[in-house]
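Welcome! Have a look at the sequence and the 3D view, and then we will walk through how some helices pack and what lines a pocket.

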Amino acid sequence: MILTRVATLALLLGLLAGALHAQDAKPDLESLWKTGSLWEVGDNRAKVQEARKAIIAAGAEGRKFALTKLGVTAGLEIRCLNAVFAGWGAEAFDDLVANIAHENSVARRNVAEILSALNDAKAAGPLLAQAEKEESLSPRLSQLAALAKWKIEDAVPLLVEISRSETERVRHRAAGLLGEYETVTAVNRLIELLDDNVYYVRDGARDALAAGTPAARALCLARLREQLELSPAEQDLQRIRLLLPVISTLADAGVPALLQKALKHETGSVRGEAGGALVNWKLTAGLLDAEPDVDAALKQALDSEYDPYAKATLEKALARLDEAKK
């Protein structure tokens, strides 16, 4: 009997020790990281999510581990990195800010992008300080992207500077970031980028202006008016053509008159763009305006048109207007 009790007690103590050991055992974060960095498809979906949740649940230890992964470059690892820091949210803010000036340029880029995703503008000061001295292009773009998202005006001179890069993809990215602002400096630089020698940089600048605030587009209206008041030899035809669709979305009393003026321009390409812009204005900002009679203006312009490009563009604009009426 005594032996039985002793054996039972020993067994219970062993089970208790095993349970305590299991509680004290730390999660295998490296293994969880590998699983959390798998393709999140099919049967992997559940285990990838569970692995990331386990890293997040590890709290401070999990963050300490994740901070060693800030310099990852593989796409799947970057996804895992973003997911776990999103899970910690504000808890990870101080750790991330402390790594804005990380010695590894890839880590600096990743940190800037994570902070942007966390969307806490308190990080703007340290990010701006780093962007001002940043020597690597990739992290600098990410830092400026976060600052543009929060519309930090002190970042505009840095964006103007980087928009003069010899690398066309950088100029294109800078155009998109400048579009977040309505300051005169930002809008004027975007208008200058309409003259870029690379078509998708020009298109990026045009799209950024078109998506801008009414105040930003009002600046475009003023610049277009200035262009159309110049002598034909002084005009920048490409700039005029790209500004026409930008102002066509602006609810300003001066827009339809300026578009009609462009519809009578001596250059066929400008006349064609003006026709399309006039229809766009009518279907958007001018939807409720009875005047001018856009249909009549386009038909009159088409009757006297001889330029093949302008003729085709005006016909397309009229067809779009007719379709909208139906």
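In this predicted model, helix α12 (residues 184-193) and helix α14 (residues 214-229) have axes that come within 10 Å and cross at roughly 55°. Helix α14 also meets helix α15 (residues 237-247), with axes that come within 10 Å and cross at roughly 140°. Two packed helices are described by the angle between their axes and the distance between the axes.

**Where α12 meets α14**

- An angle of roughly 55° falls outside the ranges for roughly parallel (under 35 degrees) and roughly perpendicular (65 to 115), and α12 and α14 are therefore oblique to each other.
- The crossing of these two helices, α12 and α14, is right-handed.
- On the α12 side, the contact is made by V184, V187, N188 and I191.
- On the α14 side, you can look for A216, L219, C220 and R223.
- Sorted by class, this contact of α12 with α14 has six nonpolar residues, one polar and one charged.

**Where α14 meets α15**

- How do α14 and α15 lie relative to each other? Angles over 145 degrees count as roughly antiparallel; the crossing here is roughly 140°, and α14 and α15 are therefore oblique to each other.
- The crossing of α14 and α15 is left-handed, whereas that of α12 and α14 is right-handed.
- From α14, the residues R217, C220, L221, R223, L224, Q227 and L228 take part.
- Their partners in α15 are R239, I240, L243, L244, V246 and I247.
- By class, the contact of α14 with α15 has nine nonpolar, one polar and three charged residues.
- Try finding C220 and R223 of α14 in the 3D view: they are listed in the contact with α12 and also in the contact with α15.

**The largest pocket**

- Rolling a probe the size of a water molecule over the atoms shows where empty space is left.
- The largest pocket holds about 210 Å³ of space.
- Its lining is made up of Q260, L263, K264, R271, A297, Q300, A301, S304, E305 and Y306.
- Two elements, α16 (255-263) and α18 (294-303), give two or more residues to the lining of the largest pocket.
- Which element gives the most to this lining? That is α18, with three residues.
- The lining of the largest pocket is a mix of classes: four nonpolar, three polar and three charged residues.

Methods: Residues numbered from 1 in each chain as written. Predicted model: local features only at pLDDT ≥ 70, side-chain atom pairs only at ≥ 80, totals over all residues. Heavy atoms only, no water. Axes fitted to C-alpha atoms, helices over the stretch in contact; angles between N-to-C directions. Helix = DSSP H or I, 4+ residues; strand = E, 2+ residues; numbered from the N terminus. Left-handed = near helix turned anticlockwise from the far one by under 90°. Contact = heavy atoms within 4.5 Å. Nonpolar A, V, L, I, M, F, W, Y, C, P; charged D, E, K, R; others polar. 1 Å grid on protein atoms, 1.4 Å probe; cavity = no way out; pocket = protein on both sides within 12 Å on 5 of 7 lines; lining within 4 Å. Points joined across faces, edges and corners; volume = space filled by probe spheres on them.
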